[in-house]
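Colleague: I work at the bench and would like to learn how to read a model like this one. Could you take me through it, feature by feature?

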Amino acid sequence: MKKLNNFCAVFVFLLLAVSAVFTSCADLYDETELDKNELCIASTGSDTAGDGTAVKPYLTLGKALEHITNAGLGSSAEWTVYVLDEVVCHEVISSTTFTGSKLTLQGINGSCGLNGNQSGSVLKITAPGTFEINKLKITGGTGTNDGGTGTNGGGIYLNNSAHNNSNTIVIIDSDSVVTSNTAENGAGVIIFWGTLKVYGSITSNTANYSGGGIYNKGIVDFYGDITGNSANSGGGIYNTNGATINLYGNYTLSDNSPSNIPGVGIYNESSGTIYGDVTRSIDSIYSPPSGP
């Protein structure tokens, strides 16, 4: 009888745990509440039998984006896609595939994430709008092959199609992490055009050439942690000519490993700009001398 009671207790605990995961999303979104602009995706979901609810989530972010486009709510609509566990993702978010003004990718606990499965950039964002990553891990990306420049942006590839830094904003919230991605440039994140706001962590990414954590040609507002990344140049951040880094608050820049100049967390090209308190950086910041 004691063994039976123990079994029942374990069964009830597991049932409640599973229920809690799905209820946290189901409470926010079901078939009767489509006006809330919220969808769910999960590794156990289906793009054919699913409808985007917590009970019947989609399998891919691409299918959720298709749902958003078909909903026809216009360019001012704000959407949230809940990621219920770790989902394979290598998605292009363009002005064709996303038609709203803001997309939040929202995890529900620390195990939720988007995994590139070693098949390109996890997220390639070229659409205008604001894209917020909250309580998620972005991992397993290998970058987008841009021909002569090699693979770029293992975790996140940001390039506003209109070449406007203020039109596309990506926010990595304080409880999100970009980790264990690879590329030749910008293993964690690459920004060609756009603004990246980092409140969370970019850690343990590896670039063969430049920018282990971030390769920046746009604007980076940095409040969070960039640690343990590696590259040939700019273990933490590679900041190109004309690009801007704004350092805020209690940021951490440490334990990044560039092979060409040891100890350099930020490699700042001669006409790159860095604002803020550079003395907080444990890693050094290097700017090559300008002129002949």
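Modeller: Happily; we will go from the whole chain to its sheets, then to the core and one residue.

Colleague: Where do we begin?

Modeller: With a reminder that this is a predicted model. The chain has 30 strands and two helices. Of its 292 residues, 50% count as buried.

Colleague: How much surface does the chain expose, and what share do carbon and sulfur atoms supply?

Modeller: About 12,500 Å² is exposed, and carbon and sulfur atoms supply 54% of that area. Contacts tell you about the chain's path too: among those with a separation of 6 or more, 70% link residues 24 or more positions apart.

Colleague: Now the strands. What holds a sheet together in general?

Modeller: Backbone hydrogen bonds pair the strands, and the pairing can be parallel or antiparallel. Here, one open sheet has nine strands in the order β1-β2-β5-β8-β13-β17-β21-β25-β29, with parallel pairing. β1 (38-41) and β29 (273-275) each have a single partner strand, so one side of each has no neighbour in the sheet. From one strand to the next, the twist averages 15°.

Colleague: Which strands pair with β5, and over how many bridges?

Modeller: Strand β8 (residues 129-134) pairs with β5 (residues 102-107) in the parallel sense over five bridges. Within that pairing, Leu103 stands opposite Phe131. Strand β2 (residues 78-83) also runs parallel to β5, joined by six bridges, and there Glu78 has Lys102 as its bridge partner.

Colleague: Is β5 mostly covered or mostly open?

Modeller: Mostly covered, with five of its six residues buried. A general point helps when you look along a strand: in a regular one, side chains alternate between the two faces of the sheet.

Colleague: What is the strand order in the open sheet of seven strands?

Modeller: That order is β3-β6-β9-β14-β18-β22-β26, and the pairing is parallel. Its edge strands, β3 (86-88) and β26 (252-254), each pair on one side only. The twist averages 15° from one strand to the next. For a pairing to inspect, take β14 (residues 177-179) and β18 (residues 201-203), which run parallel and share three bridges. One of these partners is easy to find: Val177 is matched with Ser201 in β18.

Colleague: And the core? Why look for nonpolar side chains in groups?

Modeller: Because in soluble globular proteins, nonpolar side chains tend to be buried together. In this chain, the largest nonpolar core has 53 residues, and those touching the most other members are Leu61, Leu103, Leu114, Leu123 and Ile214. Another core, of six residues, lies apart from it and includes Tyr157, Ile190, Phe192 and Tyr238.

Colleague: Which residues does Leu61 touch, leaving out those up to four places away in sequence?

Modeller: They are Ile41, Val81, Cys89, Glu91, Ile93, Leu105 and Leu123.

Colleague: Let me try a polar residue. Does Asn115 count as buried or exposed?

Modeller: Buried, because its relative accessibility is 17% and the cut-off is under 20%. Asn115 sits in strand β6 (residues 113-115). Setting aside neighbours within four places in sequence, Asn115 contacts Glu86, Val87, Val88, Cys89, Thr139 and Gly140.

Notes. Residues are numbered from 1 along each chain as its sequence is written. This is a predicted model: local features need pLDDT of at least 70, side-chain atom pairs count only at pLDDT 80 or more; totals for chains, interfaces and linings use all residues. Side-chain values use heavy atoms; hydrogens and water are left out. Two strands pair if DSSP finds at least two bridges between them. Helices (H or I, at least four residues) and strands (E, at least two) are DSSP runs, numbered from the N terminus. Axes are lines fitted to C-alpha atoms, for helices over the stretch in contact, and angles run from 0 to 180 degrees between N-to-C directions. A nonpolar core is a set of buried Ala, Val, Leu, Ile, Met, Phe, Trp, Tyr and Cys residues joined through side-chain atoms within 4.5 Å. Buried means under 20% relative accessible area, exposed over 50%, partly exposed in between (1.4 Å probe, protein chains only). Contact means heavy atoms within 4.5 Å. Accessible areas come from the Shrake-Rupley method with a 1.4 Å probe; for residues, only the protein chains shown count as cover.
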